[in-house]
Structures are given as C-alpha cells and as structure tokens.
Amino acid sequence: MRHFVKGLFRESSLISLISIFLGLFLGALIMLTGQYNPFHAYASLFNKSFGDLYSIGESIRQLTPLIFTGLSVAFAFRTGLFNIGAEGQFIMGALAADFVGIQLHLPWYLHIPLAVVAGGLLGGLWGSIAGYLKAVRGVHEVITTIMLNWIALHISNYFVKAYLLEPGQMRSKFIDKSVWLSSPGLSALFGNSRIHYGIVIALILAVLFYVILWKTKTGYELRAVGFSPEASEYAGINVNANIVKAMFVSGIFAGVGGACEVLGVFHYQAINTSFPGYGMMGIAVALIGRNTPVGTILSAILLGVLTYGASGMKFGAGVPEELINIIIALIIFFVAASGIVKLLLKQFAKRNKDVI
C-alpha cells in the first residue's frame with residue numbers, strides 16, 4: 001500500500017497547490033477591484049457546495065464526469081499524446097449506454113455492467129480512430145480529435161433522432177429503470193440530490209489508471225513510447241500498436257464517463273446543439289492534477305466545487321458567475337507556466353535563507 005500511495009504522489013503537488021492559491025488570491029483582487037467582498041464571495045461559494053447534504057450530493061454529481069474526462073486526458077498525456085477528443089468520446093459513450101438502456105430489457109445486474117462496458121468500448125473505439133490515423137498516416141491527434149468531437153456530436157444527434165427519439169421531444173426515450181445508476185436510497189441520503197454510483201466507478205478507474213501504467217508490461221511500453229518513440233522502436237516495442245492502444249484506453253475512461261452521466265443523472269440522451277463541456281474541462285483537470293490519478297481526483301473536486309458553487313457566489317455575494325471561469329483560467333495559467341511558480345519558490349527560499 002505504501003508503494004501504491006508513493007507511486008500516485010510521485011509528481012510533486014506543490015506547484016499545483018501554489019497555482020490554486022495564486023488563482024484564488026488574484027480572483028479575490030479582481031473582486032476587490034469590482035467592489036465585491038471576496039471573503040463573503042468565497043464563503044457563499046463554500047456554503048453553496050457544502051452547506052447541506054443536498055449541496056454535497058450535487059457537488060459530487062458535478063465533479064464525477066470531470067474525474068472520467070480528467071483521467072482520459074491524463075492517460076493520453078502520460079503516453080505522449082494530447083487527447084482533446086474526450087468530449088467526443090464522452091458523447092459516444094453516452095450514446096452507447098442510452099442505446100443499451102432503451103433497446104435491451106435485462107435484470108439490473110446484467111443491464112448496468114453491459115451499458116457501462118458498451119459506453120467504454122464505443123468511447124475507446126472512437127479514441128482509437130485518432131490513434132490509428134496518427135500511427136499509420138502521421139496525422140496529429142490534436143487535429144483529428146477536435147474533428148472527431150464534432151462528428152461524434154452529429155452522429156449522436158442522428159442516432160437519437162432516427163432510432164431512439166421520444167415523439168415530440170428533443171431527446172431520446174427514457175432508459176429502463178433496471179439500468180439506472182442512481183437509487184432512491186442514495187439520493188435520500190444526500191437530501192434527494194442527483195448523486196449516483198458513477199462516483200464509485202470513477203474511483204475504481206482511477207486505481208486501474210495507476211495499475212495499468214505502473215504495474216503492467218503494457219503500461220511500461222505505453223510510457224516508453226510516449227517518452228521516446230525512437231528508443232522504444234529500437235528496443236523492439238511496436239510503437240504504432242501502442243499509440244492506438246493508448247488512445248483506445250484513454251477513450252474508454254471518457255466513454256464510461258458519458259455512460260454514467262446517462263445512466264446516473266439524465267436517464268436519456270438529449271439532442272445537443274453544443275458540447276456538454278466535460279471534455280474541455282477534463283484537460284484543465286488533468287493539467288492541475290499533474291496527470292496523476294490522485295491529482296486528477298483532487299483537481300476534479302476543486303473544479304467541480306468551483307463550478308457548482310459559482311451560483312452561490314452570484315446570489316450570496318452578488319459576484320458574477322463568470323468570475324469562476326477567470327479563477328479557473330488563472331489556476332491553469334500558473335500550472336502551465338510552472339516556471340513562474342518555481343521562480344517564486346526560489347525567491348522565497350533565498351529570502352528565508354538570507355533571514356536565517
């Protein structure tokens with residue numbers, strides 16, 4: 001267990017912690033500039049997110065899909081790939097789960113696993129398209145994943161309209177109750193919120209993330225290819241196969257997230273004219289979490305709380321909700337520009353040394 005925890009925290013979390021502090025601090029300065037009380041604003045945000053059991057349940061619901069997409073992006077980063085397609089993989093996973101939930105009628109102990117697996121597989125296959133194009137044709141995954149996001153959005157809308165549509169509605173039919181990830185007992189425990197068992201699946205996948213990358217031969221090869229494709233090929237590793245494999249596994253994380261969102265929250269697939277945004281937020285989650293499973297979970301908690309609590313700041317302290325996006329952007333900026341944080345740390349250490 002000690003080695004497991006040490007492996008999870010191998011990346012230093014200090015830069016992320018300082019980046020979060022700087023983002024919140026500069027956010028407070030912006031509030032002061034706008035003549036808002038930052039203490040009241042942050043207290044209102046905290047109260048909105050944790051003020052009662054309902055708020056806690058809704059905060060968990062908000063952060064659950066961020067864990068999935070954060071793990072998806074982080075896994076790709078760890079293998080040397082930049083997966084901007086978690087959005088599309090999330091949508092395809094939701095579509096697969098919706099299809100299984102509507103078309104099949106099974107006992108819950110078969111129906112739920114089948115829907116989750118279907119979502120993960122379709123999300124993985126969608127991600128592997130970008131991996132294949134990179135491996136075989138040399139097309140950069142950033143370009144293909146962005147394009148595949150839009151294709152996924154329109155394919156999902158087409159299948160809902162053609163095969164799953166609820167007459168007179170802009171959504172699919174409701175899935176069978178046998179495949180719901182939510183339960184009245186769990187919801188009642190958290191004040192009748194929309195919390196669901198997807199959070200348990202997300203935590204299990206975080207553990208699998210670590211096991212796959214750091215405890216298996218496959219994970220070693222994936223990390224080796226990401227570090228140096230040329231050296232990996234020289235060592236006898238099939239570079240192209242591992243690129244496709246990395247994008248497939250990365251897509252599974254996002255696909256399962258989409259499946260859990262349908263099975264646990266909405267119980268249908270809507271016809272969307274825009275992206276839900278979880279894939280883009282997943283990039284932020286992975287960056288702030290330093291691409292580690294525990295870091296991703298903690299980062300998802302942070303961003304989930306900030307986004308859900310934003311309305312508390314608005315109604316409790318009169319602060320515009322858009323300010324939360326500015327704070328998140330500042331945090332990401334300091335994480336990405338880690339050299340600035342390291343310089344501040346060096347100056348702080350030097351000053352302390354001079355004082356001593």
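A helix, in what I'll say today, is a DSSP run of H or I at least four residues long, and helices are numbered from the N terminus. By that count Val335 sits in helix α15. I'll come back to Val335. One caution before anything else: this is a predicted model.

Start with the whole chain. The secondary structure consists of 16 helices and zero strands. The radius of gyration is 21 Å, close to the 21 Å from the globule rule for 356 residues, so the protein is as compact as a globular protein of that length. Along the principal axes, the C-alpha trace covers about 70 × 60 × 40 Å. Of the 356 residues, 51% count as buried. Take the contacts between residues at least 6 apart in sequence: 78% of these join residues at least 24 apart.

Now the surface and the charges. About 17,100 Å² is exposed, and carbon and sulfur atoms supply 68% of that area. There are 24 positive and 15 negative charges, and their mean positions are 8 Å apart.

On annotation, the UniProt entry, which is unreviewed, lists "transmembrane region" for residues 12-33, 53-77, 112-133, 142-160, 195-213, 294-311 and 323-345. I looked at two of these spans in the model. Residues 142-160 are 100% helix and 0% strand, with the end C-alpha atoms 27 Å apart. Residues 294-311 are also 100% helix and 0% strand, and there the end C-alpha atoms lie 27 Å apart.

Next, helix α13, residues 278-288. How many of its 11 residues are buried? Eight are, so the helix is largely enclosed by the rest of the structure. The buried ones are Tyr278, Gly279, Gly282, Ile283, Ala284, Val285, Ala286 and Ile288. The cover over them includes α2 (14-33), α4 (53-78), α5 (86-103), α12 (239-266), α14 (293-317) and α15 (322-336).

Helix α10, residues 217-227, has its own buried set: Gly219, Glu221, Leu222, Ala224 and Val225. Note the glutamate, Glu221, among them. These buried residues pack against α4, α9, α11 (229-234) and α12.

Back to the end of α13, and to backbone angles. Most residues other than glycine have a negative phi. Just after α13, Arg290 has a positive phi of about 60 degrees. Asn291 is another non-glycine residue with a positive phi, near 60 degrees. Asn291 belongs to the loop between α13 and α14. Is Asn291 buried or exposed? Its relative accessible area is 18%, and the cut-off for buried is under 20%, so Asn291 counts as buried.

Asn192 also has a positive phi without being glycine, near 65 degrees. Asn192 lies in the loop between α8 and α9 (198-215). With a relative accessible area of 58%, Asn192 is exposed, because exposed means over 50%. One of the residues in contact with Asn192 is Ser187; setting aside neighbours within four places in sequence, Ser187 contacts Asn192, Ser193 and Ile195. Ser187 is in helix α8, residues 184-189. At 16% relative accessibility, Ser187 counts as buried.

That leaves the surroundings of Arg290, where Ser16 and Val335 come in. Ser16 is part of helix α2. Ser16 is buried, with a relative accessible area of 6%. Which residues does Ser16 touch, not counting those up to four places away in sequence? They are Ile288, Arg290 and Val335. Ile288 was in the list of buried residues of α13, and Arg290 is the residue with the positive phi just after that helix.

From the other side, Val335 of α15 is buried at 5% relative accessibility. Leaving aside neighbours within four places in sequence, Val335 is in contact with Ser16, Ser19, Leu287, Ile288 and Arg290. Val335 and Arg290 are 45 residues apart along the chain, and their C-alpha atoms are separated by 8.5 Å. For another pair involving Ser16, take Lys245: 229 residues apart in sequence, and 29 Å apart in space from C-alpha to C-alpha.

To put that part together: α2 and α15 are among the helices covering the buried residues of α13, and Ser16 touches both Ile288 and Val335. Val335 in turn contacts Leu287, Ile288 and Arg290. That is where I'll stop.

Methods: Residues numbered from 1 in each chain as written. Predicted model: local features only at pLDDT ≥ 70, side-chain atom pairs only at ≥ 80, totals over all residues. Heavy atoms only, no water. Helix = DSSP H or I, 4+ residues; strand = E, 2+ residues; numbered from the N terminus. Rg over C-alpha atoms; globule rule 2.2 N^0.38 Å. Buried < 20%, exposed > 50% of the residue type's maximum accessible area, 1.4 Å probe, protein only. Contact = heavy atoms within 4.5 Å. Areas by Shrake-Rupley, 256 points an atom, 1.4 Å probe, with all protein chains shown as cover. Lys, Arg positive; Asp, Glu negative; His and termini not counted. Charge placed at Lys NZ, Arg CZ, Asp CG, Glu CD. UniProt positions renumbered as here; feature names shortened; annotations may be inferred.
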